[in-house]
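Here's a quick tour of one protein model, written for someone new to reading structures. Keep the 3D view open and click along as you read.

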Amino acid sequence: KVKYTLRDKKVSGERERKRLVTEQFYDAILQNIADRSTVNPFKDTLRKQHGLGGAALSFPFRWDLWDELKKAKEDDKERYELLLQDFWPWDVYCTHPYNLMGDPEHDPAEHYIQRDQITYRAAARLYPNKKAGMAVEIGKNRGKVKRVIYLSLEQYTVIIGGQVVIDDENPCGMIWHEWVWGGYGDLDEERRFEYLGKGLIRDARGTLARVVANENIVDAIRATAAFTPRQVIHPLGKEEAVQVAKEIEFGPNKLLPTDLGVTIKPLEQNVVPDSVRWSQEEGRQNLELIFGQAILSGSAPVQPLGEHRQRVNLAETPFLPASVALAQAIGNMLRKMGRLSKHELGEHFSMPVGRFGGILDINTDDLLEDGVIDVDLTPPTADDLAETKQEDAAEVEFGGIGMPEYRNRQGILDGNKQDMDRAEYLVKWHP
């Protein structure tokens, strides 16, 4: 959810209208990202923040799709309406920190180098008529080729297989990467930025090693207790005792007939030291300090809701720095998207509200740039949904959103099943 706040001491009616339009525009962007991504880039970024210490939220603008829509609007109105229903020109994804490097001299970085590998077919599709550097003919090669991309406010360069295929001005006039640290590291005395890239795992490595070693000991103790070694004594000697030992089988109702005088008895087990149990408890406590408290550990069935809420807050505490950093990065991303949309896409443009909503018509003069963007990553509660239910229903009535989008906002997951059940009921009892 996005909240767009103006700094004005007193907001006029026209400014308030534009504020609402801007807020609705940013909400529509987030809805499109959530609806259209098979891998949610926000969740993907958050995971990498926790585990690897950082990642980048990337959002290049697809000018090829925008040009195609503009051409259809001028030449073929019917095709334009069809394209607009599923039009989304932003490619939003999470870039792995291994594949992206920002310059360490500026914060935020003003230069980025991105490296990865793509298939030859993808290279031919993304960079048509620029096959220089391809070792073999594109289309026949099924392997991958190295790609390096340099990006700054002024320059955009793409190198495929060691050959420059694009060296031009930045087509968007902005840096379409927002680097996000996990929030668990800090600069050292020499302000070396690599110490910022610290995930939750780094502080837990020693504890995890002790936990694994302790679990191995416990597994050995458990196996010994379940299958205690036996001592076999045979009156005729050791060789005969070995033959009897080979016939011993463990399991329910297992019988072992033996000669007279054969003795089979369990060996005495070592006493399990208390230090094993203490070490397990210490490891669990240390992991809770790093990864958060187990929410239900030690809770009673009749525990007051306030105490349960307190446990949830304690469990969330280690993860808050990454969430705060991500919310800030999403706000910066939205601000850049809004600036490009306002200054580069003409006076008017239209965009869908997610995959299941209506069409939002934007007058770029209504998009404000001097407000504060606050992004709330907290899932809506039942009270939040109840508060917006009437407002969402009014939007459905006036055609602002469709029923699928209304159900999406209200968290109704079985809407299609409800429709089918109702249709079946009407058919069954229709006179």
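In the second largest pocket, helix α10 supplies the largest share of the lining, with nine residues. Bear in mind that this is a predicted model. The notes below start with that pocket, then move on to enclosed spaces, salt bridges and cysteines.

**The second largest pocket**

- This pocket holds about 1,200 Å³ of space.
- Its lining takes in 43 residues, and those nearest the centre are Asp107, Pro108, Ala109, Tyr112 and Trp179.
- Three elements give two or more residues each to that lining: β4 (100-102), β9 (177-181) and α10 (320-344).
- Sorted by class, the lining of the second largest pocket has 22 nonpolar, ten polar and eleven charged residues.
- Take a good look at the step from Asp107 to Pro108, since the peptide bond there is cis, with omega near 0°. For background, most peptide bonds are trans.
- Pro108 itself sits in the loop between β4 and β5 (111-119).

**Two cavities**

- The model has two cavities of 30 Å³ or more.
- The largest cavity comes to about 90 Å³, and 14 residues line it, with Trp88, Pro89, Trp90, Phe349 and Met351 closest to its centre.
- Which element gives the largest share of the lining of the largest cavity? That's β12, with four residues.
- Both α1 (13-36) and β12 (348-352) put at least two residues into the lining of the largest cavity.
- The lining of the largest cavity is made up of twelve nonpolar residues, two polar ones and no charged ones.
- The second largest cavity has about 60 Å³ of space, and its lining includes Tyr4, Tyr26, Arg335 and Arg339.
- Helix α10 shows up again here, giving three residues, the largest share of the lining of the second largest cavity.
- Here the classes come out as four nonpolar, one polar and three charged residues.

**Salt bridges**

- There are 14 salt bridges in the structure.
- Arg19 and Glu16 pair up through their side chains, at 2.9 Å from N to O. Both lie in helix α1, three residues apart, which is about one turn of the helix.
- Are Arg19 and Glu16 buried, exposed or something in between? Arg19 counts as buried because its relative accessible area is 14%, under the 20% cut-off, whereas Glu16 is partly exposed at 29%.
- Arg147 makes a salt bridge with Asp116, with the closest N and O atoms 2.7 Å apart. Arg147 is in strand β6 (residues 144-152) and Asp116 is in strand β5, so this pair ties together parts 31 residues apart in sequence.
- Glu369 and Arg339 also meet in a salt bridge, at 3.8 Å from N to O. Glu369 is in the loop between β13 (359-363) and β14 (372-375) while Arg339 is in helix α10, so the pair links parts 30 residues apart in sequence.
- Glu369 and Arg339 are both among the residues that line the second largest cavity. Glu369 is partly exposed, at 40%, and Arg339 is partly exposed too, at 41%.
- Glu14, Arg17 and Asp366 are joined in a network of salt bridges.
- Arg17 belongs to helix α1 and is partly exposed, at 35% relative accessibility. Arg17 and Asp366 are 349 residues apart in sequence, yet their C-alpha atoms are 8.2 Å apart in space.

**Cysteines**

- How many disulfides does the structure hold? Zero.
- Cys94 is buried at 13% relative accessibility, and Cys172 is buried at 9%.

Conventions. Residues are numbered from 1 along each chain as its sequence is written. This is a predicted model: local features need pLDDT of at least 70, side-chain atom pairs count only at pLDDT 80 or more; totals for chains, interfaces and linings use all residues. Side-chain values use heavy atoms; hydrogens and water are left out. On a 1 Å grid over the protein atoms alone, a cavity is a set of points where a 1.4 Å probe fits but cannot get out, and a pocket is an open set with protein on both sides within 12 Å along at least five of seven lines; lining residues have an atom within 4 Å of a point. Grid points are joined across faces, edges and corners, and a volume is the space filled by probe spheres set on the points. Ala, Val, Leu, Ile, Met, Phe, Trp, Tyr, Cys and Pro count as nonpolar, Asp, Glu, Lys and Arg as charged, and the others, Gly among them, as polar. A disulfide is a pair of cysteine sulfur atoms within 2.5 Å. Buried means under 20% relative accessible area, exposed over 50%, partly exposed in between (1.4 Å probe, protein chains only). A salt bridge is a side-chain nitrogen of Lys or Arg within 4 Å of a carboxyl oxygen of Asp or Glu.
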